[in-house]
Amino acid sequence: MKTEERKSRLETLKESPGENFSLGPKRLVVSLAKIMEDPKNERKVFRNMEGFISSIQAVGVVEPLTVTQEENGLFRILTGHRRFRGAKEAGLETVEVIIRDPEDEKTRRFKSIVSNVQRESVGPVEMADALQELLVDYQISQRELSGVIGKAETWVSRMLRILDIPDELKTKLATSEISLSYDAVAEIARLEDVKIQDNLVSELLEGATLRDIRQRIKEVKGTLPKTKPKKVFNTNHNASVIVQSKTSRLSKDQTISALEEALKTARTEK
């Protein structure tokens, strides 16, 4: 009986989509026209929408959106941007929402980041952009940011390195229709050769896993000429002094010792 009663109430609402319809405390069915997206939301690309829209047309939006109510009477989305867009494309006029207490923008943005980091529901390029925006907007360090989102500082640093990938490759990654591993993209970002990055991005977009990418990087590095560590000292005599190791990396003491030995040899030469 309760199910029939609720269906009847929902049907009534569909006939008057401009009106809010209460389903209990802080739970409403509202018109899509009264819902607004959060302009600071990290997700800019919504993947695999065609099948999602079809499922909404068949069974509706299964999980309510979470929103906060604004002073102008509109509702700002906290979670459910994809569901909102899917509902609009599916031709719905109303959706069910759960109203949360208003929060300041900083708290809201950090919570959104944490949620998306946990689910990796935002692409790696979008996530890197969002992390950078938080650092700039709130003038915090990478260490402070890592503490807030519950990730190691090295993870934050590696994610931000993604922003150094050439713009053309970032666009390919950002517009991908498949979900991409954060770690796989971060591994590619560590490489300096743009051509190799391009090849690996193509492989990733074709379905390569994190393990595949790491293996390919090992193979590629094995074919590259190994550079020997060196120190270059420019002088005022239009000349440079170079200390280059034949094997291991050069420590400061090793560099000084090598320079002293070279200087001793130079003084004894005739």
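Here are short questions and answers on the helices and cores of this structure.

The model is predicted, so local features need pLDDT of at least 70, side-chain atom pairs count only at pLDDT 80 or more, and totals for chains, interfaces and linings use all residues. Residues are numbered from 1 along each chain as its sequence is written, and side-chain values use heavy atoms, with hydrogens and water left out.

Student: Which residues of helix α2 are buried?
Tutor: Helices are DSSP runs (H or I, at least four residues), numbered from the N terminus. Buried means under 20% relative accessible area and exposed over 50%, with partly exposed in between (1.4 Å probe, protein chains only). In α2, residues 49-59, the buried ones are Met 49, Phe 52, Ile 53 and Ile 56.

Student: Why are they on the same side of α2?
Tutor: An α-helix has 3.6 residues a turn, so residues three or four places apart point the same way. The arc is taken from the directions from the helix axis to the C-beta atoms. The buried residues of α2 lie on the same side because they cover an arc of only 100°.

Student: Which helix do the buried residues of α2 pack against?
Tutor: The other side of α2 has Glu 50, Ala 58 and Val 59 exposed. Contact means heavy atoms within 4.5 Å. The buried residues pack against α3 (81-89).

Student: Which helix supplies the largest share of the largest nonpolar core?
Tutor: A nonpolar core is a set of buried Ala, Val, Leu, Ile, Met, Phe, Trp, Tyr and Cys residues joined through side-chain atoms within 4.5 Å. The largest one has 38 residues, and Leu 131 and Leu 145 have the most contacts inside it. Its largest share is seven residues, from α5.

Student: Which residues does Leu 145 contact, leaving aside neighbours within four places in sequence?
Tutor: Leu 145 is one of the two residues with the most contacts inside the largest core. With those neighbours left aside, its contacts are Phe 110, Leu 131, Leu 134, Leu 135, Ile 140 and Val 156.

Student: Is Ser 176 buried or exposed?
Tutor: Ser 176 sits in the loop between α8 and α9. Not counting residues up to four places away in sequence, Ser 176 touches Arg 47 and Leu 205. With a relative accessible area of 6%, Ser 176 is buried.

Student: How many residues of α9 are buried?
Tutor: The buried residues of α9 include Tyr 182, Glu 187 and Ile 188. This helix is mostly covered. Of its eight residues, the number buried is seven.

Note on methods. Helix = DSSP H or I, 4+ residues; strand = E, 2+ residues; numbered from the N terminus.
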